[in-house]
Amino acid sequence: MASLELCGINYIYNKGTPYETYALKDINLKLGGGITGIIGHTGSGKSTLVQLLNGLLRPTEGKLLLDDEDIWEKKTDRLREARFKVGLVMQYPEYQLFASTVYEDIAFGPRNMGLSDEEIKERVYAAAKFSMLSPEVMTRSPFELSGGQKRRVALAGIIAMNPKFLVLDEPAAGLDPGGRCGILEGICNFSQKSGASVIIVSHSMEDMAAYCDRVIAMASGKIVMDGSRSEVYGRADELIGIGLDVPQVTRIASALAERGIDIGRDVYTVGYAADMICSAANIQSSDKTN
C-alpha cells in the first residue's frame, strides 16, 4: 500500500514580510489506507495541507515523503510522479472543465501519462462508471450538464489516472442532498474497489461521520486530534471549543447523558444512536423485570 508522510512540515505565507503568517506548524502525519477526513474551521490550515500532498505547494520546512521518498529531493521526476499518484480535486472542480466533450475532459490526465488510445478509453469509461456517469453523456459538452454531473466529470478525470491517493477539498460543497450522497458514495466505491487511499476535507460533520474511517481535526495550523470517528466525536466538547460543530445526533447523545440517559458520547450517526437507545431501553426493561 502506498504511503504519504509529512515530517516536520511548516508552511509560511509571505515569509520575510510584515505579513508573515504560519499556515501550518510542525505537522507530522502519516496517511495511507481507507478514508480519512480532515476537519477544521476556516483558516485552520486544512486546504494548505492538501495542496502540499501532491506538490502544488512546497513546504517552507520539512519533508513530504511519497513511498518513503521526498518528492522535492529531485524536483522534476518525483513531482511528476507525485501528481499522478496523488490526485487532487479542488473545491468546485467543475470550474476547471475545459474540453469540448465529457470524454475528452476525463481523458486529459491519462493522455498526459502517455497511455495508448485503448488504455485511455478503458480508463475513461471505468472512471465514468465509478463516478456514476452514464455512457450517454460521454459525447456531450460538460458545460451542458447539471452541477452534480459536472462535479462527477471532474472527479472522473482524476480517477482515470488511477491515483494511489485521492484527495478531495469539499467534494460535495454546494450540492443538494441527492448530489452529495451520489458523489460521496462514488468516492467510497472507488476506494473499496481500487484500494486507493482517500482524503476528504469537509465542513460537514455528518459527512465525515458517515463516510470516514479516520478523522483529523485541525486548528491554528496544527493537528489537535487524530483518531477513529468514535475517538474524535467522543470529544465533542473539545471540538466545539476549537470552533467546530459536531453532528446533531452527537449533541443529542451528550444532552441525554446530562439527563442520566447515557448511550455513549461517541455517537456520531443516527443509526448508531438508534442501536444504542434500543440497547439502553432493553437493559432498563430487563432491570425492571428482574
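**Exercise 1. How much space lies in the largest cavity? Find the residues around it too.**

*Solution.* Keep in mind that you are working with a predicted model.

Step 1: Start with the count. The structure holds one cavity of 30 Å³ or more.

Step 2: Look at the volume. The largest cavity contains about 40 Å³ of space.

Step 3: Walk around the wall. Val89, Pro93, Arg151, Leu155, Leu168, Pro171 and Ile183 line the largest cavity.

Step 4: Sort this lining by class. Six of its residues are nonpolar and one is charged, with no polar residue.

**Exercise 2. Describe the largest pocket and the elements that line it.**

*Solution.* Step 1: The volume of the largest pocket is about 620 Å³.

Step 2: Its lining has 24 residues, and the closest to the centre are Leu88, Gln96, Phe108, Ile158 and Met161.

Step 3: Now see which elements take part. Helix 2 (75–85), strand 6 (86–89), helix 3 (102–112) and helix 5 each give two or more residues to the lining. Helix 3 gives the most, with five residues.

Step 4: Sort the lining by class, and you get 15 nonpolar, six polar and three charged residues.

**Exercise 3. Work out the order of the strands in the open sheet, and explain why one side of strand 2 and of strand 5 is left without a neighbour.**

*Solution.* Step 1: A reminder helps here. Strands of a sheet pair through backbone hydrogen bonds, either parallel or antiparallel.

Step 2: Four strands make up the open sheet, in the order 2-1-4-5, with antiparallel pairing.

Step 3: Strand 2 (21–31) and strand 5 (69–70) are at the edges and have a single partner strand each, so one side of each has no neighbour in the sheet.

Step 4: Zoom in on one pair. Five bridges link strand 1 (residues 4–13) and strand 4 (residues 61–66) in the antiparallel sense. Look for asparagine 10, whose bridge partner in strand 4 is glutamate 61.

**Exercise 4. Show that strand 7 is enclosed, and find its partner strands.**

*Solution.* Step 1: Use the cut-off for buried, which is under 20% relative accessible area. Five of the five residues of strand 7 (residues 165–169) are buried, so this strand is largely enclosed by the rest of the structure.

Step 2: Recall a general pattern. In a regular strand the side chains alternate between the two faces of the sheet.

Step 3: Check each face of strand 7. Phe165, Val167 and Asp169 are buried on one side, and Leu166 and Leu168 are buried on the other.

Step 4: Find the partners. Strand 6 and strand 7 are parallel, with four bridges between them; here valine 86 has phenylalanine 165 as its bridge partner in strand 7. Strand 7 also runs parallel to strand 8 (residues 197–201), joined by five bridges. In this pair, leucine 168 has isoleucine 200 as its bridge partner in strand 8.

**Exercise 5. Is aspartate 207 buried or exposed? List its contacts as well.**

*Solution.* Step 1: Place the residue. Aspartate 207 is part of helix 7 (residues 205–211).

Step 2: Compare its accessibility with the cut-off. Aspartate 207 has 12% relative accessibility, so it counts as buried.

Step 3: List its surroundings. Apart from neighbours within four places in sequence, aspartate 207 is in contact with Arg180, Leu184, Ser202 and Cys212.

How values were computed:
Residues are numbered from 1 along each chain as its sequence is written. This is a predicted model: local features need pLDDT of at least 70, side-chain atom pairs count only at pLDDT 80 or more; totals for chains, interfaces and linings use all residues. Side-chain values use heavy atoms; hydrogens and water are left out. On a 1 Å grid over the protein atoms alone, a cavity is a set of points where a 1.4 Å probe fits but cannot get out, and a pocket is an open set with protein on both sides within 12 Å along at least five of seven lines; lining residues have an atom within 4 Å of a point. Grid points are joined across faces, edges and corners, and a volume is the space filled by probe spheres set on the points. Ala, Val, Leu, Ile, Met, Phe, Trp, Tyr, Cys and Pro count as nonpolar, Asp, Glu, Lys and Arg as charged, and the others, Gly among them, as polar. Two strands pair if DSSP finds at least two bridges between them. Buried means under 20% relative accessible area, exposed over 50%, partly exposed in between (1.4 Å probe, protein chains only). Contact means heavy atoms within 4.5 Å.
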